[in-house]
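Me: Please take a close look at one single part of this model and describe how that part is set among its neighbours.

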Amino acid sequence: MIEFDKMEKKKHVMYKSMWANLPDSFQIEKTRYKDKLSDNSYQFSNTMINKTSVESCAEGLSDLFKIAERDIFRCKLKQICNGNGQELRRITTMHSSALCALLFFYNVTRDHTLELRLDDNDCEFYCSVFEYKNIVIKGRNPSNVDVVLIGTEKSTGQRVILFLESKFAEFYNDTSKELSGVSGEYMKNEYGKDIYEKLVALQKYILEPDSDDNFKITSKKFCYLEGIKQMISHYIGIRNLCNGIKYEEKGCFNELIKTEDAKIYLGTICYDKGFAELAFNNYQKQYSALVSILNDVTPSETNITVLPELLRYSQDELKGFVNDSIRKYYFEYGDDNWK
């Protein structure tokens with residue numbers, strides 16, 4: 001049972017708008033954070049979902065959400081967690097973005113294709129890959145794209161690759177006026193320097209030196225700056241990928257993500273109902289400004305398009321794609337009087 005009265009305001013609103021009427025079949029408990037139980041976060045209980053291995057966690061989640069395609073689901077969960085126990089615990093948090101992406105996109109297959117309209121083009125996707133890594137700046141950590149969908153454009157048959165960043169509540173919970181610790185290497189990068197300078201001019205952000213050759217971004221208004229930085233990283237990673245600069249490791253799925261002769265899309269998908277409505281609209285404004293810059297600096301011959309509108313988990317194509325248990329969890333257990 002969720003103790004709403006003990007939550008801080010934002011989390012109270014989020015959980016009430018989502019899960020005020022959660023059935024008893026969902027056994028939940030407070031999330032343990034730094035050896036303490038958090039009043040502001042809940043997870044599926046250890047008695048219901050064993051988090052000691054990918055196999056046991058996948059089995060528990062499959063039971064909970066009535067997932068029939070268990071082998072596929074286990075495979076996709078393994079892509080996300082890759083044997084990392086901490087990631088297994090995170091993905092069983094009720095408001096996990098990774099869980100949301102997994103539940104909506106794990107079953108994109110040739111037998112169960114997903115149709116989406118992107119940039120006025122109808123596309124049909126038949127494969128999904130999770131946590132795909134791209135090199136952003138050599139010698140530094142790669143960018144991890146939450147979901148990559150592979151398919152074709154229906155009218156032409158051209159290969160299409162959609163790189164997606166998934167957001168559930170970050171753009172609602174994690175707004176600020178300052179983001180520190182951004183690597184100074186971005187200002188030396190052939191793509192990064194131009195993008196950040198144009199973004200500063202357009203949005204009136206302030207870039208200032210930070211510690212250890214890093215810099216910080218300051219905004220006059222509260223906004224989701226981390227999301228903006230992530231999109232810039234993903235964009236640079238995709239430009240590198242299209243230039244043949246690939247992240248190489250065992251099981252990195254480069255054999256599937258072939259950009260030659262493909263139409264490439266980069267976008268973000270967000271939860272947009274209940275608690276998220278206002279935050280979604282605010283983030284859309286910041287996101288659109290960035291996208292105008294990214295598409296402006298993209299040469300036409302690269303065949304890369306950054307989608308100007310945030311995709312929504314609530315759009316009909318996706319709500320109709322998942323099973324009833326998943327759909328109800330995200331859209332039917334909330335309290336309409338959460339405000």
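Reply: Strand 6 (residues 159–167) and strand 10 pair in the parallel sense over eight bridges, where strands are DSSP runs of E with at least two residues, numbered from the N terminus, and two strands count as paired if DSSP finds at least two bridges between them. Within this pairing, Ile 161 stands opposite Ile 264 of strand 10. This is a predicted model, in which local features need pLDDT of at least 70, side-chain atom pairs count only at pLDDT 80 or more, and totals for chains, interfaces and linings use all residues. Residues are numbered from 1 along each chain as its sequence is written, and side-chain values use heavy atoms, with hydrogens and water left out.

Strand 10 also pairs in the parallel sense with strand 11 (residues 304–306), over three bridges, and there the bridge partner of Ile 264 is Ile 304. Ile 264 therefore has a partner in strand 6 and another in strand 11. Strand 12 (residues 311–312) runs parallel to strand 10 as well and is joined to it by two bridges, with Arg 312 standing opposite Cys 270.

As for exposure, strand 10 covers residues 263–270, and eight of its eight residues are buried, meaning under 20% relative accessible area, against over 50% for exposed and partly exposed in between, with a 1.4 Å probe and protein chains only. Lys 263, Tyr 265, Gly 267 and Ile 269 point one way from the strand, while Ile 264, Leu 266, Thr 268 and Cys 270 point the other way, and all are buried.

Notes: Helices (H or I, at least four residues) and strands (E, at least two) are DSSP runs, numbered from the N terminus.
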